[in-house]
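User: Could you take me through one part of this model up close, and then show me what surrounds it? I am a first-year student, so please explain each term as you go.

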Amino acid sequence: TAVATLDELLAQVEIVDVCTPTDAHTEVVLAAAAAGRHVVCEKPLALDPADGERMIAACEAAGVRLFVGHVLRYIAEYAAAKAVVARGDIGTPAVLRLRRCAFRPQKPAGHWLFDPARSGGMAFDLLIHDIDYARWIAGDVTRAYAWSAGLDRPDRPLDHAFLTLTHASGAITHITGSWAYGAPTFRTGLEIAGSHGLISYDSERAQPLL
């Protein structure tokens with residue numbers, strides 16, 4: 001049922017699924033929490049850490065659940081790799097290599113996804129999945145380094161980025177992300193090297209976890 005205002009929507013639902021552009025997440029989540037509604041919010045949760053903290057605090061204070069759409073935790077291959085690590089089968093994780101490479105979204109010029117002030121840019125919007133997964137596997141991050149072709153050369157329409165994370169555990173994660181492949185390519189993969197073994201998965205090969 002379509003409604004005219006957010007207040008009217010909040011009065012009719014039990015759960016709010018926030019699929020607005022990223023720069024509008026905070027306003028909607030805070031309103032949903034104030035109305036006592038549980039929240040599912042698309043990733044990234046917010047563009048600014050302070051806004052993210054406000055959203056978390058508001059949901060906690062209201063006693064409602066806040067779920068962020070970090071879907072890798074539920075995709076079979078990624079969940080299976082986590083289970084292998086948790087069992088200790090490959091020992092202590094030391095080096096993670098994650099990739100998420102696709103074509104530039106086929107949206108009209110001026111779309112909010114192409115505006116870093118609204119989306120955070122390709123690396124932030126796309127690689128947030130792999131950042132979350134890396135933290136799930138190897139723990140908190142103490143240092144990060146990133147390079148983005150799109151931010152380095154904003155006059156060009158495509159983007160390709162590299163990100164290196166150093167974890168408090170001593171593990172290192174290398175992440176590659178791209179909006180530079182030809183449509184309809186969407187390729188993901190992971191490697192987790194531990195002290196006793198290696199986990200490998202590549203979506204292009206369409207094979208089970210090794």
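Analyst: Happy to! Contact here means heavy atoms within 4.5 Å. The model is predicted, so local features need pLDDT of at least 70 and side-chain atom pairs count only at pLDDT 80 or more, while totals for chains, interfaces and linings use all residues. Residues are numbered from 1 along each chain as its sequence is written, and side-chain values use heavy atoms, leaving out hydrogens and water.

Let's warm up on helix H3, residues 49–62 (helices are DSSP runs of H or I with at least four residues, strands E runs of at least two, numbered from the N terminus). The 14 residues of H3 should span 20 Å at 1.5 Å a residue, and its end C-alpha atoms are indeed 20 Å apart (the expected span is 1.5 Å times one less than the number of residues). Gly52, Met55 and Cys59 are the buried residues of H3 (buried is under 20% relative accessible area, exposed over 50%, partly exposed in between, with a 1.4 Å probe and protein chains only). Down the axis of H3, these buried residues fall within an arc of 60°, so they line one face of the helix (the arc is that of directions from the axis to the C-beta atoms). That face packs against helix H2 (25–34), strand S2 (38–41) and strand S3 (66–68). Look at the other side of H3 and you find Pro49, Glu53, Glu60 and Ala61 exposed. Just after H3 comes Gly63, with a positive phi of about 70°.

Now for our close look: helix H4. For its 12 residues the expected span is 16 Å at 1.5 Å a residue, and the end C-alpha atoms of H4 agree, at 16 Å apart. Which residues of H4 are buried? They are Tyr78, Ala81, Val84 and Val85. These residues cover an arc of only 120° around the axis, which puts them on the same side of H4. Their cover includes strand S4 (93–102), H6, strand S8 (186–194) and strand S9 (198–202). Ala76, Ala86 and Arg87, on the other side of H4, are exposed. Right after H4, Gly88 takes a positive phi of about 85°.

Tyr78 deserves some extra time. The centres of the Tyr78 and Tyr133 rings are 5.0 Å apart and their planes stand at 90°, so this pair is edge-to-face (rings of Phe, Tyr and Trp, by its six-membered ring, pair if their centres lie within 6.5 Å; planes under 30 degrees apart are stacked, over 60 edge-to-face, the rest tilted). Because Tyr78 lies in H4 (residues 76–87) and Tyr133 in helix H6 (residues 122–138), the pair ties together parts that are 55 residues apart in sequence. Both tyrosines, Tyr78 and Tyr133, are buried. Ring pairs also bring in Trp136 and Tyr201, giving a cluster with Tyr78 and Tyr133.

Tyr78 has a charged partner, too: its side chain and that of Arg100 are joined by a polar contact of 3.4 Å (N or O atoms within 3.5 Å; within protein, one able to donate a hydrogen and the other to accept it, and sequence neighbours count only if both atoms are side-chain atoms). Arg100 belongs to strand S4 and is buried, with a relative accessible area of 5%. Beyond four places away in sequence, Arg100 touches residues including Leu72, Tyr78, Asp130 and Gly177. Gly177 is 77 residues from Arg100 along the chain, yet their C-alpha atoms are separated by 4.8 Å.
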